[in-house]
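Got the viewer open? Let's take a walk through this one, one selection at a time.

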Amino acid sequence: MTSSRRQRRPVVVLYERIAEAINQGVWPPGSTLPSEPRLAAELGVSRPALREALLLLQEDGLLSVRRGVGRTVNDAPPRRGYEHLQPLEELLTPGTALRVRPVARTEEEPTDFSTQHLHAPAGTELRFWESVLVAEGVSAALSQEWAAPDSVLESAHPAFARALREPSAPEGSMLATLLAASRETPLTGHSGVTATLLGERRGEQLDRPAQTPAVLVTQVVRAGDVPVLAAKHMLPTGSPALPVLQSG
């Protein structure tokens with residue numbers, strides 16, 4: 001299934017409402033958000049939808065969960081670090097890549113995550129690819145990838161911009177498309193690995209319960225000094241192992 005242009009996911013809209021309130025000082029850094037029932041009532045949304053948006057805000061570093069206190073607003077997003085430029089579908093299963101099943105190949109307005117990492121101006125629409133990685137018929141991971149605005153890509157990596165404009169979306173991930181188009185362009189990656197829960201929507205996409213523990217991998221890829229791609233990869237319990245090389 002492919003989402004239509006300009007169609008925005010409800011959880012993204014809710015995410016942005018809360019993020020905007022934080023940025024406007026409704027909940028300043030260090031403050032604690034209202035309880036889920038109270039916040040859901042104030043925003044006029046269901047608790048499952050609110051929980052999903054809060055989980056995304058936590059993953060993006062805007063919120064932290066403190067035992068006995070609740071969700072508090074962070075002063076600044078945490079630093080991230082794990083670097084290896086290789087498509088996740090190849091990294092998880094060396095020698096035999098996972099099958100990439102496209103869920104969405106569309107454009108959407110940036111969220112705080114994509115704005116923060118791709119420096120997208122307000123009102124800009126970014127190419128958004130969502131894919132489920134499948135291993136032996138079982139959904140093993142969910143990938144969400146955003147490309148920088150076309151104007152940035154045309155200047156920093158025109159071959160990548162052309163590849164994304166192909167009439168039929170490639171079968172692989174956006175990162176695989178970028179690497180195939182990279183040629184002589186120097187690319188660097190900066191990523192992070194954190195623990196989280198799947199949540200309702202991603203649990204449905206991966207056929208797992210919402211409370212399933214998962215590993216969240218975030219990644220930003222740059223052409224020279226310019227960020228051209230930002231991604232989130234969700235790996236639930238039971239997925240193929242993710243090899244990580246850490247250097248001090």
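**The whole chain first**

Colour by secondary structure: the protein chain comes to nine helices and eight strands. Keep in mind that this is a predicted model. Of the chain's 248 residues, 50% count as buried. Switch on the surface and you are looking at about 12100 Å² of accessible area, with 52% of that belonging to carbon and sulfur atoms. Taking contacts between residues at least 6 apart in sequence, 65% join residues at least 24 apart.

**Stop one: the sheet**

Now show the strands. In what order do the six strands of the open sheet lie? Reading across, you get S3-S4-S5-S8-S7-S6, with antiparallel pairing. S3 and S6 (187-197) stand at the edges with a single partner strand each, so one side of each has no neighbour in the sheet. From one strand to the next, the twist averages 15 degrees.

Select 99-108 to pick out S3. Seven of its ten residues are buried, so S3 is largely enclosed by the rest of the structure. Add 126-135, which is S4: nine bridges join S3 and S4, and the two run antiparallel. To check the register, label Pro102, which stands opposite Ser131 in S4. Then label Glu108 and find Leu126 of S4 opposite.

**Stop two: a helix on the sheet**

Next, select 47-59, helix H3. H3 packs on the sheet, where it touches S6, S7 (213-223) and S8 (226-236). The direction of H3 makes about 135 degrees with that of S6.

Bring in H1 (10-23) as well. The axes of H1 and H3 come within 9 Å and cross at roughly 65 degrees, and the crossing is right-handed. For the contact itself, show side chains: from H1, Val11, Leu14, Tyr15, Ile18 and Ala19 meet a set in H3 that includes Leu50, Ala53, Leu54 and Leu57.

**Stop three: a helix with two faces**

Finish at H2, residues 36-43. Which residues of H2 are buried? They are Glu36, Leu39, Ala40 and Leu43. Look down the axis of H2: these buried residues fall within an arc of 100 degrees, so they line one face of the helix. A helix has 3.6 residues a turn, so positions three or four apart point the same way. Turn to the face away from the buried side of H2 and you'll find the exposed residues Arg38 and Ala41.

What covers the buried residues of H2 includes H1, H3 and strand S2 (70-73). Last click: Gly44, which follows H2 and has a positive phi, near 70 degrees.

Terms used:
Residues are numbered from 1 along each chain as its sequence is written. This is a predicted model: local features need pLDDT of at least 70, side-chain atom pairs count only at pLDDT 80 or more; totals for chains, interfaces and linings use all residues. Side-chain values use heavy atoms; hydrogens and water are left out. Helices (H or I, at least four residues) and strands (E, at least two) are DSSP runs, numbered from the N terminus. Buried means under 20% relative accessible area, exposed over 50%, partly exposed in between (1.4 Å probe, protein chains only). Contact means heavy atoms within 4.5 Å. Accessible areas come from the Shrake-Rupley method with a 1.4 Å probe; for residues, only the protein chains shown count as cover. Two strands pair if DSSP finds at least two bridges between them. The arc is that of the directions from the helix axis to the C-beta atoms. Axes are lines fitted to C-alpha atoms, for helices over the stretch in contact, and angles run from 0 to 180 degrees between N-to-C directions. A crossing is left-handed if the near helix is turned anticlockwise from the far one by less than a right angle, and right-handed if clockwise.
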